[in-house]
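Me: I am new to this structure and would like a close look at a single part of it, with its surroundings described step by step. Please take one spot as a way in and then stay with the part that seems best suited to a longer account.

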Amino acid sequence: MKTIFFSTHDFERRYLDYWTEKLGVESVFLDCRLSEETLGLVKDADTISCWASDDLSRGVLQSLKGIGVKFISLRSAGFSHLDLDFAKDNNFSVARVPSYSPEAIAEHTLGLLMCLNRKFPRAYQRVKDFNFSLDGLEGVTLHGKNVGIVGVGKIGEAFARIMKGMGCNIYLSDPNTNEKLGKELEAQYVDLKTLLENSDVVSLHCPLNEKTKYLINKETIEFFKKDAFLLNTGRGALIDTEALIEKLKKKELRGVGLDVYEYEESIFSHDHSLEGISDEKLLRLMSFPNVLITSHQAFFTSEALDNIARISCENIKNFNDSLPINEQNFIC
Ligand code: NAI
């Protein structure tokens with residue numbers, strides 16, 4: 001049985017080559033995105049493999065059903081790009097990679113914070129230019145500061161452990177409290193308002209859904225301590241970008257580190273260096289000297305890429321061999 005892999009990137013090919021060969025998954029690799037326009041490429045396959053940017057909306061699923069696709073293996077943890085109700089109602093089997101390296105994302109979050117606080121990008125450029133002055137490079141000592149973590153799942157916990165190790169006081173906010181972790185880190189579980197009012201660093205690690213969309217909005221952003229750092233490696237729409245821009249204009253945040261952006265879909269992961277970009281909000285964010293943006297790369301380590309390829313190929317092999325799919329990976 002053949003699997004069509006959509007949106008394969010050069011950076012994941014050697015991991016996919018290795019695991020498809022090792023597990024005997026017959027595969028066709030395409031670099032284009034799955035969409036209405038590229039459905040014609042699904043031929044003689046009852047399994048497809050998708051990246052988070054592929055279109056798995058109702059219309060596309062309807063056509064996939066007509067073509068005879070039965071199994072969708074996601075090379076991602078999140079599945080907000082999948083019409084889950086339609087997939088369930090139409091007997092698609094779908095599996096994902098629920099966790100591939102929470103530490104990778106937590107470490108990237110720390111990287112954003114350190115770069116913002118100690119101004120490494122600017123310091124690097126200055127020294128390259130033989131400018132050894134320190135003016136404007138002052139940071140704060142993070143030891144002893146309060147760090148608020150919103151969403152204490154796998155990634156939030158990994159980030160909490162890192163910051164505890166740096167001598168910070170940890171505040172946690174999550175509808176599901178983990179008493180054991182709270183005790184171990186001497187951390188307090190508090191509501192969002194209390195967390196924002198008390199934290200010198202706020203880091204978002206909850207999933208994006210109807211309840212968390214615009215968690216940080218024009219009201220909640222006013223709860224932040226003056227000169228706090230805001231970090232988002234979760235999903236762009238956890239923050240109302242307009243409210244953030246207004247707050248930045250007032251110079252009330254010390255630094256903002258974003259690995260995700262509300263309207264990132266057609267911009268991130270692509271090279272726009274020749275034509276530039278026209279997204280006014282992103283351009284405005286990029287214009288602030290205390291905003292650091294990376295292009296959804298927090299997951300991007302060798303270990304994570306290997307895990308994504310291995311687990312997604314194991315899911316395919318199990319489906320092909322009529323074996324049960326790991327319960328944690330199974331979506332429907
Ligand atoms: P997880 O499922 O282990 O943890 C999410 C936590 O958020 C859970 O404990 C849940 O109870 C909590 N939560 C749900 N609603 C909440 C709310 N309203 N307020 C506070 N907490 C809430 O997920 P994991 O693996 O830790 O991933 C978290 C998020 O990180 C993902 O949903 C994804 O959006 C993002 N992510 C980003 C990546 C990147 O490269 N930038 C890569 C992978 C994930």
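Reply: Ser7 makes a convenient way in, and its relative accessible area is 4%, so it counts as buried; please keep in mind throughout that the model is a predicted one. Ser7 sits in the loop that runs between strand 1 (2-5) and helix 1 (10-23). Leaving out residues up to four places away in sequence, Ser7 touches a set of residues that includes Leu30, Asp31, Cys32, Trp51, Asp54 and Arg75. Strand 1, which precedes this loop, is joined by three bridges to strand 3, and the two run parallel. Within that pairing, Ile4 has Ile48 of strand 3 as its bridge partner. Strand 3 (residues 47-50) is covered on both faces, with Thr47 and Ser49 buried on one side and Ile48 and Cys50 buried on the other. Strand 3 also pairs in the parallel sense with strand 4 (residues 71-74), over four bridges, and there Ile48 has Ile72 as its bridge partner.

The part I would like to stay with is strand 9, and above all Val202. Seven strands form an open sheet with parallel pairing, in the order 8-7-6-9-10-11-12, and in that order strand 9 stands between strand 6 and strand 10. The edges of this sheet are strand 8 (188-189) and strand 12 (291-293), each of which pairs on one side only. In general, the strands of a sheet pair through backbone hydrogen bonds, and the pairing may be either parallel or antiparallel.

On one side, strand 9 pairs with strand 6 in the parallel sense over four bridges, and Gly148 has Val202 as its bridge partner there. On the other side, strand 9 pairs with strand 10, again in the parallel sense and over four bridges, and here Val202 stands opposite Leu230. The side chains of strand 9 point in two directions, Val201 and Ser203 one way and Val202 and Leu204 the other way, and all of these residues are buried.

What does Val202 touch, once residues up to four places away in sequence are left out? Its contacts are Gly148, Val150, Leu195, Leu196, Phe224, Phe229, Leu230 and Leu231. Val202 is also one of the residues that touch the most other members of the largest nonpolar core, which has 30 residues, and Val150, Leu204, Phe224, Leu230, Leu244 and Val256 are named beside it. The elements that each give two or more residues to this core are helix 8 (192-198), strand 9 (201-204), strand 10 (228-232), helix 9 (241-249), strand 11 (253-258) and helix 10 (280-287). Apart from this core lies another, of 24 residues, with Tyr15, Val25, Phe71 and Ala309 among them.

Two of the helices that contribute to the core also carry charged residues that pair. In general, side chains of opposite charge can pair when their charged atoms come close. In helix 8, Lys193 and Glu197 lie four residues apart, about one turn of the helix, and they form a salt bridge whose closest N and O atoms are 2.9 Å apart. Lys193 has a relative accessible area of 41% and is therefore partly exposed, as is Glu197 at 35%. Lys247, whose number falls within helix 9 (241-249), forms a salt bridge with Glu252, with the closest N and O atoms 2.7 Å apart. Lys247 counts as buried at 4% relative accessibility, whereas Glu252 is partly exposed at 22%. Glu222, Lys247, Lys250 and Glu252 are linked in a network of salt bridges.

The far end of the sheet rounds off the picture. Strand 7 (residues 169-173) pairs with strand 8 in the parallel sense over two bridges, and Leu172 stands opposite Tyr189. Glu186 forms a salt bridge with Lys164, the closest N and O atoms being 3.3 Å apart. Because Glu186 lies in the loop between helix 7 (179-184) and strand 8 while Lys164 lies in helix 6, this pair ties together parts that are 22 residues apart in sequence. Glu186 is exposed, with a relative accessibility of 64%, while Lys164 is partly exposed at 26%. Apart from neighbours within four places in sequence, Lys164 is in contact with Ile170, Leu185 and Glu186.

Methods
Residues numbered from 1 in each chain as written. Predicted model: local features only at pLDDT ≥ 70, side-chain atom pairs only at ≥ 80, totals over all residues. Heavy atoms only, no water. Buried < 20%, exposed > 50% of the residue type's maximum accessible area, 1.4 Å probe, protein only. Contact = heavy atoms within 4.5 Å. Core = buried A, V, L, I, M, F, W, Y, C linked by side-chain atoms within 4.5 Å. Pairing = 2+ DSSP bridges. Salt bridge = Lys/Arg side-chain N within 4 Å of Asp/Glu carboxyl O.
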